[in-house]
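Dear colleague,

I am handing over the structure below, and after it I set out what was found there. Please read the notes with the structure open beside them.

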Amino acid sequence: MIMRTKIKDFLKKIIFIQSIVVFTFLTLYSSVDAATYFISPSGSDSNPGTESQPWKTIERAVSSNSLSPGDVINAMAGSYHIDPNAPGGNNNCEMFPAKSGTSGNPITLKAYNNADVLLDGRFDVKSGGGTWQQDSHAGWWVISFNWASTGALNPVRWGQLWNGNKLIPSTKTGNFSPPNNGDWYNMDPGAKKIYYHPANGTNPTSMPVTYAACGFMLEFDNGVSNWVVDGIDEIAATVQAYQVHNTASYITFQNIKMSYNGNNVCAPSRDGTNGHSMGIGGGPGIIVRNSDFSQDVAELIHTDDTTSGGGHTFENNVFHDASMDSGWSSQCSAGYGKEYDQQRAGPGIIIRSKNVVFKNNTVVRNNYEGVRIESDNTAGPASPDNLVVSGNVITDNVGAGIRGSCEISSNNVDIFGNYLSNNSINFTWQAQITIDGNCSNYRIHDNSIVNSRHGTISISGGSNNTQSNNCTSNCPPPSISPPPPSPTPTPTPTPSPTLKGDLNNDRIVNSLDWSMMNSKWFTGDSTADLNSDGIVNSLDFSIMNGNWLKTL
C-alpha cells in the first residue's frame with residue numbers, strides 16, 4: 001500500500017513537471033513566433049524593419065511574405081505616400097497584404113503609440129516633371145506631366161487637384177470659361193497637361209498644389225483573412241481607398257478617419273465617377289467600428305458582396321457630409337456636391353449585403369439618404385436580407401434617414417431604437433423612413449422620428465411590412481449616446497476661443513457632454529441651448545454633433 005502511494009505521488013510530480021514544460025514551450029513559441037515591425041516616412045525599404053531602422057512604406061510591410069499570424073506592423077507618425085514601384089504596388093497604387101492571420105492571432109497594422117498616421121493619395125503636381133507656365137487663356141496656368149499613361153499617377157483615368165487643403169472643382173475638359181473668378185481646373189489627358197485657374201489668376205508656382213490620381217490604396221483580396229487596421233487615417237483616393245474583395249474575410253477596421261475619396265475630373269468619358277472610402281465586396285466577418293467617414297464624392301461606404309453571405313458589423317462610427325464639399329464640381333454632368341443633384345450623390349452608407357448589423361452610428365448631413373438598403377442589379381443581383389439597423393442617430397440628411405429601395409427583393413429587416421430628425425431636406429417625395437419596391441418583412445418599431453418635413457414613415461409595395469410603437473412628437477432624446485471618442489488620444493491643437501457643445505469644459509465634445517445635454521432635454525437651460533432658441537432639443541444636438549470629437 002505504501003509503495004502504491006509513492007508511485008502515485010511520483011506520477012503526479014511527473015505530470016506537473018510535464019505541464020510546466022509544455023506551458024513554457026508554448027509561451028516561448030508564441031513569443032518567438034509573433035514579430036513586430038516598424039515603418040516610418042523617414043525610413044528605408046532596404047532596412048530590416050526594426051524600430052531603429054524602420055521600413056519606409058506601408059506596402060513594403062503589408063506585402064512581406066515573412067508575416068505570420070500575430071505579427072504587428074507599427075506605423076510611426078507622419079504622412080505616407082504609395083510608391084507604385086514598391087513591392088505590392090501596381091498601376092492603381094493598390095497595396096495587397098500577402099499573408100493571413102488566424103482568428104485568435106490576426107496580423108495588425110496600427111498607428112504606433114497612438115501617433116497621427118495618414119495615408120495620403122496626393123502628390124506634388126511638379127513631381128510630374130513640369131513647371132507652371134502662363135496659358136494663352138486669361139487667368140489660366142498650365143503644367144505638363146510625364147507620368148506614364150498606364151502608371152499609377154494617371155490623370156487620364158482619375159483625378160483631384162488641391163491647393164493646400166482645399167479641393168479644387170473641375171470645369172469640363174477644354175472649358176476655359178469658369179463660372180466665377182475662383183479656383184477651377186481642367187486637363188488635357190492626351191497632351192498630358194493640367195490647367196489651373198487660381199482665384200484672380202495668381203501665379204501658382206509657390207502654391208502647395210497637389211494632384212491625386214491613385215484609384216485604390218489598401219486592398220484585401222485572394223483569400224487573405226484575419227487582419228486588423230487600427231488608426232491608419234486616409235485621404236484622397238480616387239475610387240475606393242480601403243477595399244475588401246472576393247474571398248477576403250474577417251478584416252477589422254477601427255479608430256480611423258477617411259475622407260475626400262472619389263474622382264473630380266469632368267471629361268466626356270468620365271463624369272462623376274463613384275468614389276468612396278471603403279468598398280466591401282468580400283467577407284464574411286468585416287467589422288468597422290469607432291471611425292469617422294466624410295466628404296467623399298459619393299457614398300462613404302458601399303457593401304456589395306452579393307455571393308459571400310455578408311455577415312458584417314458597423315458600430316460606433318460617424319458618417320457625415322458625403323458629397324457636400326463644393327470642390328466636388330457641379331460642372332460634371334452627374335452633378336455631385338453643392339447642387340444636391342438627385343441623379344448621383346452621396347448616401348452615408350449603401351448596404352447591398354446580407355446579415356449586416358448597423359448599430360449605434362451617427363449619420364448626419366449626407367447629400368442623399370443617410371442609410372440606403374439597396375436591392376438591384378447594378379453590380380450583380382443584390383438581395384440584402386437579415387439586417388439589423390438599431391440605435392443610430394440619423395439627422396439632417398438631404399434624403400430619407402433610412403431608405404429601403406428594393407428593385408429585386410430584400411427580406412427580414414429590423415429597424416428599431418433609432419433617433420431620426422430633420423431628414424429629407426430636399427427630397428419632398430421621401431419620408432424620414434421610406435420603404436418601397438419588393439421589400440418584405442420589414443419591422444419598423446420603437447424609433448423616435450421628429451422634425452419631419454415630408455412624413456415620418458412611408459411604406460409602398462412588398463408584403464408583411466409593419467410599423468409599431470414609433471414616437472413622432474415630444475420624443476425622448478436618443479436612447480444611446482453618439483459614438484464615444486476613440487481610445488486613441490490625439491495631440492491638442494492650438495486652443496480656439498470657444499467650442500460649441502463642450503458643456504463640461506474639458507476641451508473635447510464627446511459622450512460626457514451629450515450626457516449633460518440629455519439631462520437638460522426640453523428645458524430652457526442656457527448652457528445646453530446651443531442655438532439660443534429657448535429650448536434644448538434635437539437642433540442643439542445637431543450643433544453638438546457637428547463638433548463631435550473636436551478639441552480645443
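I begin with the link of C471 and C475, which is left-handed, with -105 degrees about the S-S bond. Please keep in mind throughout that this is a predicted model, and that the values here are therefore computed from its atoms. The sulfur atoms of C471 and C475 are placed 2.1 Å apart, and the pair is joined as a disulfide, a cysteine pair being accepted when the sulfur atoms lie within 2.5 Å. C475 has a relative accessibility of 3%, so that this cysteine counts as buried.

By this rule there are two disulfides. Beside the link already described, C406 and C439 form a disulfide, with 1.8 Å between their sulfur atoms. The link of C406 and C439 is right-handed, with 90 degrees about the S-S bond. Because C406 belongs to strand β34 (residues 402-416) and C439 to strand β36 (residues 433-445), this pair ties together parts of the chain that are 33 residues apart in sequence. Both ends of the link are withdrawn from the surface by the criterion of under 20% relative accessible area: C406 is buried at 3%, and C439 is buried at 1%.

Turning to the sheet, I would draw your attention to an open arrangement of 10 strands with parallel pairing, whose order is β3-β5-β16-β19-β24-β27-β30-β33-β35-β37. The edges of this sheet are formed by β3 (78-80) and β37 (448-450), each of which pairs on one side only, and the twist from one strand to the next averages 10 degrees.

Within that order, strand β30 (residues 362-364) and strand β33 (residues 393-395) run parallel and are joined by three bridges. One position can be given by residue, since you may wish to inspect it directly: V364 has T395 in β33 as its bridge partner.

The last element I would mention is helix α4 (residues 538-546), in which the buried residues are S538, D540, F541, S542, M544 and N545. These buried residues of α4 pack against the strands β30, β33, β35 (419-421) and β37, and also against helix α3 (511-519). The strands β30, β33, β35 and β37 that α4 packs against also appear in the order of the open sheet, so the helix may conveniently be examined together with the strands.

With best regards

Note on methods:
Residues are numbered from 1 along each chain as its sequence is written. This is a predicted model: local features need pLDDT of at least 70, side-chain atom pairs count only at pLDDT 80 or more; totals for chains, interfaces and linings use all residues. Side-chain values use heavy atoms; hydrogens and water are left out. Helices (H or I, at least four residues) and strands (E, at least two) are DSSP runs, numbered from the N terminus. Buried means under 20% relative accessible area, exposed over 50%, partly exposed in between (1.4 Å probe, protein chains only). Two strands pair if DSSP finds at least two bridges between them. Axes are lines fitted to C-alpha atoms, for helices over the stretch in contact, and angles run from 0 to 180 degrees between N-to-C directions. Contact means heavy atoms within 4.5 Å.
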